[in-house]
Amino acid sequence: MVGNKNRAGVRLSRATLAAAMACPGAAFAAREWNLQPPVTPVARQMFDLHTFIFWACVVIFVAVFSVMFYSIFKHRKSVGHKAHQFHENATVEVIWTVIPFLILLFMAFPATRTVLAMKDTSEPGLTVKVTGYQWKWNYDYLQEGVSFYSNLATPMAQIENLAPKGEHYLLEVDRAMVVPVDTKVRVLITAGDVIHSWWVPALGVKQDAIPGFVRDSWFKAEKIGTYRGQCAELCGKEHGFMPIVVEVKSKDDYAKWADDHKKKLTAAADDPNKTWELNDLVAKGHTIFDSNCAACHQATGAGNPALCAPALVGDKAVL
């Protein structure tokens, strides 16, 4: 009797599991199959090229398999068909060589045009140097004299599953890159430690950031809004916590933003003649440590052997 109950329970569990697998619930992510809507000329070219190549592949697939299945069905042995023997048919060889060549040529022209457009960084209206670090981004506005770091802003409670996930989970930062609309922005991309990759799909930009090299790309956003991306190169244990946020503002709002940042930088600049109090020094050191040191040495100063970051607590040099 007990054995029957156990077997019935197993059958019930299997049935429940099968039903759960057959009926996807709200826990599944949105099933997006296409690229993000483009908001720059290059991104639009990429989108159109992707669509063109996709449908070209669909047509080729249908044509090839239709001929194959027709040949298998109409020329099968069971209906009395006898195989035709031929060897080195010049006409057939020319056909199956020329047709693929023409297909590739037909695809290569728009692809080449898109690649050339991606590399044309001439005559920018704004130049921003982007530097990747483990695990944050630094933005230097070379013409504005503005520089800041951009860090992940998702609360730790969400990451540790102690709070509900936000709408932009792991895709929100404390300070976003801000650019004006309808302006060609050239981005100079490099890295300060390991290889990263600056990737914002809606803007059509994906460029590796390599230490010791400066590589460039560009975009010209045609629509005001907020666009999100991520580091697309495995760069260490916090790789998944290195988002990119680009805010596209009107030209007037961008000018106001840049002016405000310049004023903040001026106000924050230290007076070389200032006499520092201990509490002020401690507060300033705390801010600098959190911004530059905590990622490797941890917020407690306990260090991280995996990153070759020694413990700072009790260290003679630190004390």
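Q: Which residues have the most contacts inside the largest nonpolar core?
A: This is a predicted model, where local features need pLDDT of at least 70, side-chain atom pairs count only at pLDDT 80 or more, and totals for chains, interfaces and linings use all residues. Residues are numbered from 1 along each chain as its sequence is written, and side-chain values use heavy atoms, leaving out hydrogens and water. A nonpolar core is a set of buried Ala, Val, Leu, Ile, Met, Phe, Trp, Tyr and Cys residues joined through side-chain atoms within 4.5 Å. The largest one has 36 residues, and those with the most contacts inside it are Tyr 139, Tyr 141, Met 177, Trp 198, Leu 203, Phe 219 and Val 246.

Q: Which strand gives the most to this core?
A: Strands (E, at least two residues) and helices (H or I, at least four) are DSSP runs, numbered from the N terminus. The protein has seven helices and ten strands. With four residues, the top contributor to this core is strand 5 (residues 185-191).

Q: Which lysine in the loop between strand 4 and strand 5 is in contact with Phe 219?
A: Contact means heavy atoms within 4.5 Å. Leaving aside neighbours within four places in sequence, Phe 219 touches residues including Met 177, Trp 198 and one lysine. The lysine in that loop is Lys 184.

Q: Is Lys 184 buried or exposed?
A: Buried means under 20% relative accessible area, exposed over 50%, and partly exposed in between (1.4 Å probe, protein chains only). Lys 184 has 16% relative accessibility, so this residue counts as buried.

Q: Which backbone oxygen lies 2.7 Å from a polar atom of the side chain of Lys 184?
A: A helpful idea here is the polar contact: a pair of N or O atoms within 3.5 Å; within protein, one must be able to donate a hydrogen and the other to accept it, and residues adjacent in sequence count only if both atoms are side-chain atoms. The side chain of Lys 184 reaches the backbone oxygen of Asp 120 at 2.9 Å. The partner at 2.7 Å is the backbone oxygen of Ser 122.

Q: What is the relative accessibility of Thr 40?
A: Thr 40 lies in the loop between helix 1 (2-22) and helix 2, and its side chain reaches the backbone oxygen of Leu 203 at 2.9 Å. Among its contacts beyond four places in sequence are Leu 203, Gly 204 and Phe 219. Thr 40 counts as buried because its relative accessibility is 1%.
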